[in-house]
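Student: I am new to this structure and should like to understand how each description of it is justified. May I put my questions to you in turn?

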Amino acid sequence: MVENKFLTLSDYCEYPEAEMKRRASEFYKEMIRRRTVRHFSDRPVDRSVIEDCLRTASTAPSGANQQPWSFIVVSDLTVKRRIREAAEKVEQEFYSKDATKKWVKDLDHLGTVPSKPFLESAPYLIVIFSKLYDYSSTGEKKRHYYVFESVGIATGMLITAIHHAGLVLLTYTPSKMRFLNKILSRPSNEKPFMILVAGYPAGDAVVPAIQKKSLQEIATFI
Ligand code: IYR
């Protein structure tokens, strides 16, 4: 018998045009409120919220539907401290040695520094790994396609879901990231992609006075 590989698109939902316009505009209004935050409260967040946001991320499209990602959710204080310690070490090196003067100047308006207290205070560090390849059941290396595009899309959807839930985030990319494999015991086919720091903002949190480019600057209709 021939296997039936396709199903009807039963979950698709078409809205009347006015409703479509309203939804697009309302969603934009919700997303433009998202701000990257660097000052977190230590107030706990129910794990089920993070679980649902990760379920949303897992719906992302990916090359050959290989879903080449792992999300390691860290709330344990000892592990968060180890990550903070290792991250601050690589950031010290970055700011004092590795980064060009131009790069440090380009970061000036964000107010970033080598000290990363949020890695300890925020309730969750979601460490995202790209699975560069996998192993088949017979132990052979299995190639993955468009890994960084796929993981980037899933990360974007996770950011959107966490914002939508009413929490704040920092997209944090330590200057060197391989220490994350060691601390989190991840295999070498997994490459650290980003840490999403998630939680409630600190009461006195501030954000840089920056703006997004206009539609005219970023889009061309032909
Ligand atoms: N990883 C460093 C430096 C840094 C780099 C970029 I590009 C930023 O947008 C922000 C920071 C740090 O987080 O301090």
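Student: How do you know how many disulfides there are in the whole structure?

Tutor: The model is a predicted one, and a search through the whole of it finds 0 disulfides. To count, two cysteine sulfur atoms must lie within 2.5 Å of each other.

Student: Why is Cys-53 called buried, and what is Cys-13 called?

Tutor: Cys-53 has a relative accessible area of 5%. The term buried applies under 20%, so Cys-53 qualifies. Cys-13 has 43%; this value is between the 20% limit and the 50% limit, so Cys-13 is termed partly exposed.

Student: What makes the pair Lys-29 and Glu-26 a salt bridge?

Tutor: The N to O distance between their side chains is 3.3 Å. The limit is 4 Å between a side-chain nitrogen of Lys or Arg and a carboxyl oxygen of Asp or Glu, so the pair meets the rule. Both residues belong to helix 1 (residues 17-32), where they are 3 residues apart, about one turn of the helix.

Student: Are these two residues buried, partly exposed or exposed, and why?

Tutor: Lys-29 has a relative accessibility of 46% and Glu-26 has 39%. Partly exposed covers the range between 20% and 50%, so the term fits Lys-29 and likewise Glu-26.

Student: How do you know that Asp-106 and Lys-102 form a salt bridge?

Tutor: Their side chains meet at 2.9 Å, N to O, and the cut-off is 4 Å, so the pair counts. Both lie in helix 4 (residues 101-107), 4 residues apart, about one turn of the helix. Lys-102 is called exposed because its 57% is over 50%, whereas Asp-106, with 41%, is partly exposed.

Student: Which residues are joined into one network by salt bridges that share partners?

Tutor: The network consists of Arg-81, Arg-84, Glu-88 and Glu-120. Within it, the closest N and O atoms of Arg-84 and Glu-88 are 2.9 Å apart, and these two residues both lie in helix 3 (residues 77-98), 4 residues apart. Glu-88 is called buried because its relative accessible area of 18% is under the 20% limit. By the same 4 Å rule, the count comes to 13 salt bridges.

Student: What makes strand 2 and strand 6 a pair?

Tutor: The requirement is at least two bridges between the strands. Strand 2 (residues 124-131) is joined to strand 6 by 8 bridges, so the requirement is met, and the two run antiparallel. Ser-130 has Lys-191 in strand 6 as its bridge partner.

Student: How many bridges join strand 5 to strand 6?

Tutor: Strand 5 (residues 168-172) is joined to strand 6 by 5 bridges, again antiparallel, so this is also a pair. Here Thr-171 stands opposite Leu-196 in strand 6.

Student: Why is strand 6 described as mostly covered?

Tutor: Strand 6 comprises residues 190-199, and 9 of its 10 residues are buried. Buried residues make up 36% of the 222 residues in the chain.

Student: Which residues make the nonpolar surface patch?

Tutor: Leu-215, Ile-218 and Phe-221 make a patch of about 400 Å². Leu-215 is found in helix 8 (residues 215-218).

Student: How many helices and strands does the chain have?

Tutor: The chain has 8 helices and 6 strands, in the order α-α-β-α-α-α-β-β-β-α-β-α-β-α along the sequence.

Notes. Residues numbered from 1 in each chain as written. Predicted model: local features only at pLDDT ≥ 70, side-chain atom pairs only at ≥ 80, totals over all residues. Heavy atoms only, no water. Buried < 20%, exposed > 50% of the residue type's maximum accessible area, 1.4 Å probe, protein only. Patch = residues over 30% accessible without salt bridge, like charges linked within 9 Å, V, L, I, M, F, W, Y side chains within 5 Å. Areas by Shrake-Rupley, 256 points an atom, 1.4 Å probe, with all protein chains shown as cover.
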